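Me: Before accepting any label attached to a model, I would like to see how each one follows from its value and its cut-off. Could you take me through the reasoning?

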Amino acid sequence: MASRAPISGVTGLSWRPTGSPPLIGRDEDVAFMRSFVDDACLYGGALIVAGDAGIGKSVLADAASLYASSIGVRTLRAVGAEDEANVS
């Protein structure tokens, strides 16, 4: 992956606000999210992040949203409710 210019107020690959805890062991996931945001800027897209409770879905979505905001991209986030899990 090509190196990217630093984003003001954001440190490291995780695009976390300065002073917040790091995303340990998530470099590959965060790099994927950043690549997705870059591609979505050109082609559009939607990403569903699913998994068990407590594995860091919201933290990854926060990192992607912070990165998107830093490059001037609007994001839309939705959160499902457990009682809607079988609705389809």
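Reply: This is a predicted model, and a suitable place to begin is the surface, where Phe32, Leu47 and Val49 form a nonpolar patch with about 250 Å² of accessible area together. Of these residues, Phe32 lies in helix H1.

Me: What makes Phe32, Leu47 and Val49 a nonpolar patch?

Reply: A residue enters a patch with over 30% relative accessible area and no salt bridge, and nonpolar side chains are joined within 5 Å. Phe32, Leu47 and Val49 are grouped under that rule, and their accessible area together is about 250 Å².

Me: Why is the contact between Arg26 and Asp29 called a salt bridge?

Reply: The term requires a side-chain nitrogen of Lys or Arg within 4 Å of a carboxyl oxygen of Asp or Glu. The side chains of Arg26 and Asp29 meet at 2.8 Å, N to O, and the pair therefore satisfies the cut-off of 4 Å.

Me: Why are Arg26 and Asp29 described as partly exposed?

Reply: Buried means under 20% relative accessible area and exposed means over 50%, with partly exposed in between. Arg26 has a relative accessibility of 21% and Asp29 a relative accessible area of 33%, so both values fall in the range in between.

Me: How many salt bridges are there by this rule, and with which residue does Asp62 form one?

Reply: The count comes to two salt bridges. Asp62 forms one with Arg77, where the closest N and O atoms are 2.6 Å apart, which is within the 4 Å that the term requires. This pair links distant parts of the chain, since Asp62 is in helix H2 and Arg77 in the segment after H2, 15 residues apart. Asp62, at 41% relative accessibility, counts as partly exposed, and Arg77, with a relative accessible area of 44%, is partly exposed as well.

Me: Why does Arg74 count as exposed, whereas Val59 counts as partly exposed?

Reply: The cut-off for exposed is over 50%. Arg74, in the segment after H2, has 83% relative accessibility and therefore counts as exposed. Val59, which lies in helix H2, has 39% and so counts as partly exposed. As to their positions in space, the C-alpha atoms of Arg74 and Cys41 are 9.6 Å apart, with their places 33 residues apart in sequence, while those of Val59 and Val30, 29 residues apart along the chain, are separated by 9.7 Å.

Me: How much space lies in the largest pocket, and which residues are closest to its centre?

Reply: The largest pocket holds about 920 Å³ of space. It is lined by 28 residues, and the closest to its centre are Leu47, Val49, Ala61, Leu76 and Arg77. Helices H1 (27-43) and H2 (57-70) are the elements that give two or more residues to this lining, and H2 provides the largest share, six residues.

Me: How does the lining of the largest pocket divide by residue type?

Reply: The lining divides into 17 nonpolar, eight polar and three charged residues. Leu and Val count as nonpolar and Arg as charged, so Leu47 and Val49 fall in the nonpolar class and Arg77 in the charged class.

Me: What is the pattern of the chain, and what percentage of its residues is buried?

Reply: The chain has two helices and two strands, which follow the pattern β-β-α-α along the sequence. Buried residues make up 22% of the 88 residues, where buried means under 20% relative accessible area.

Technical notes:
Residues are numbered from 1 along each chain as its sequence is written. This is a predicted model: local features need pLDDT of at least 70, side-chain atom pairs count only at pLDDT 80 or more; totals for chains, interfaces and linings use all residues. Side-chain values use heavy atoms; hydrogens and water are left out. On a 1 Å grid over the protein atoms alone, a cavity is a set of points where a 1.4 Å probe fits but cannot get out, and a pocket is an open set with protein on both sides within 12 Å along at least five of seven lines; lining residues have an atom within 4 Å of a point. Grid points are joined across faces, edges and corners, and a volume is the space filled by probe spheres set on the points. Helices (H or I, at least four residues) and strands (E, at least two) are DSSP runs, numbered from the N terminus. Patches are made of residues with over 30% relative accessible area and no salt bridge: like charges are joined within 9 Å, nonpolar side chains (Val, Leu, Ile, Met, Phe, Trp, Tyr) within 5 Å. Accessible areas come from the Shrake-Rupley method with a 1.4 Å probe; for residues, only the protein chains shown count as cover. Buried means under 20% relative accessible area, exposed over 50%, partly exposed in between (1.4 Å probe, protein chains only).
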